[in-house]
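Here's a quick tour of one helix and of the aromatic rings in this fold. Keep the viewer open as you read.

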Amino acid sequence: MYDPGQLRTFLAVAQTLSFTQAARRLDVRQSTVSQHVRRLEAAAGDRQLFTRDTHSVELTEDGEAMLGFARTILAAHERAAAYFSGTRLRGRLRFGASEDFVLTRLPEILESFRTDHPEVDLELTVELSGTLHERLAAGELDLVLAKRRGGDTHGELVWRSSLAWIGAPQLRIDPERPVPLILFPAPGITRARALEVLEADGRPWRIACTSASLSGLIAAARAGLGVMAHSRGLIPPGLVPVPARAALPELGDVDFVLLHGQRRASRSTATSDRSPADALADAILAGGDRLHRPADAR
């Protein structure tokens, strides 16, 4: 009843909230994306899955419901294909994920991957996005899920989020004093963006805390030591966006992408030719909407 190709298209739109970005991810025309969505809506009893205008795309209530069904159907489809192909993935997979995903539901995706592919030796590295980019380029990782540097276009877009200044609810920013910053060390991508926009705005700043651990940054922010630049879709419990009255400059958007150490196999490639990195990338893309939801959200 539900075509896997249409479901993959639906997930790509749901995760990027853009028909254009979904078309780029899937390497198809935007008209094909629209057609797949229309056909899926027809198969669902003419239920509207998205509302869209010239500026935005949003999931409807039925679209939110379809997310879970789509993931389940595609996961079953992948397991059946692997079973009847008579092949099982084997080998070593060096996967790097940025600190941003520590508090998300990425562990659930990795757990399902381990269950489906027990003969793959998965090695997980959690680091700053900038460090992961460097290690991937050095051949030390096979697959990376991280933020993309501003201006970069490589990688498969998993989702896009606006950045926000966040801090403790009781924090007050004095416009007459330097902005107290809580930052990842270099080469952190959000660090670079925060310093860049403050410099461009002529706003003085000082570093109140530096930590390579997201938990360390969150602790400092909860203690009211300062503000941090963070994805609006991943704001940790106990922290809130800094009020507009603080007059801090806009941080813009950030892309979270998958990057491969070697050229990825084609989606039309037979299952027997897929690598563990291809399989995990597909699992992450299928479950990408879970990466900007808290770990305790269902």
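Start with helix α6, residues 129-137: in this predicted model, Ser129, Gly130, Thr131, Leu132, His133 and Leu136 are buried there. What do the buried residues of α6 pack against? They sit against four strands and a helix, namely β3 (91-98), β4 (120-127), β5 (143-147), β11 (253-260) and α7 (189-201). Just past the end of α6, Gly139 has a positive phi of about 80°.

Now for the rings. Searching the whole structure turns up four aromatic pairs. Two that involve Phe256 are set out here:

| Pair | Geometry | Centre to centre | Angle between planes |
|---|---|---|---|
| Phe101 and Phe256 | edge-to-face | 5.4 Å | 70° |
| Trp159 and Phe256 | stacked | 4.7 Å | 10° |

Phe101 belongs to the loop between β3 and α5 (106-116), while Phe256 is in strand β11, so their pairing ties together parts 155 residues apart in sequence. The Trp159 pair also links distant parts of the chain: Trp159 is in strand β6 (residues 156-167), 97 residues from Phe256 in β11.

Are these rings buried or exposed? Phe101 and Phe256 are both buried. Phe256 has 0% relative accessibility, and Trp159 is buried too, at 3% relative accessible area.

Elsewhere, Phe10, Phe19 and Phe50 come together as one aromatic cluster. Phe19 also has a charged neighbour: Arg52 lies over the face of its ring, 3.7 Å from the ring centre.

Conventions: Residues are numbered from 1 along each chain as its sequence is written. This is a predicted model: local features need pLDDT of at least 70, side-chain atom pairs count only at pLDDT 80 or more; totals for chains, interfaces and linings use all residues. Side-chain values use heavy atoms; hydrogens and water are left out. Buried means under 20% relative accessible area, exposed over 50%, partly exposed in between (1.4 Å probe, protein chains only). Helices (H or I, at least four residues) and strands (E, at least two) are DSSP runs, numbered from the N terminus. Contact means heavy atoms within 4.5 Å. Rings of Phe, Tyr and Trp (its six-membered ring) pair if their centres lie within 6.5 Å; planes under 30 degrees apart count as stacked, over 60 as edge-to-face and the rest as tilted. A charge sits over a ring if NZ of Lys or CZ of Arg is within 6 Å of the ring centre and within 35 degrees of the ring normal.
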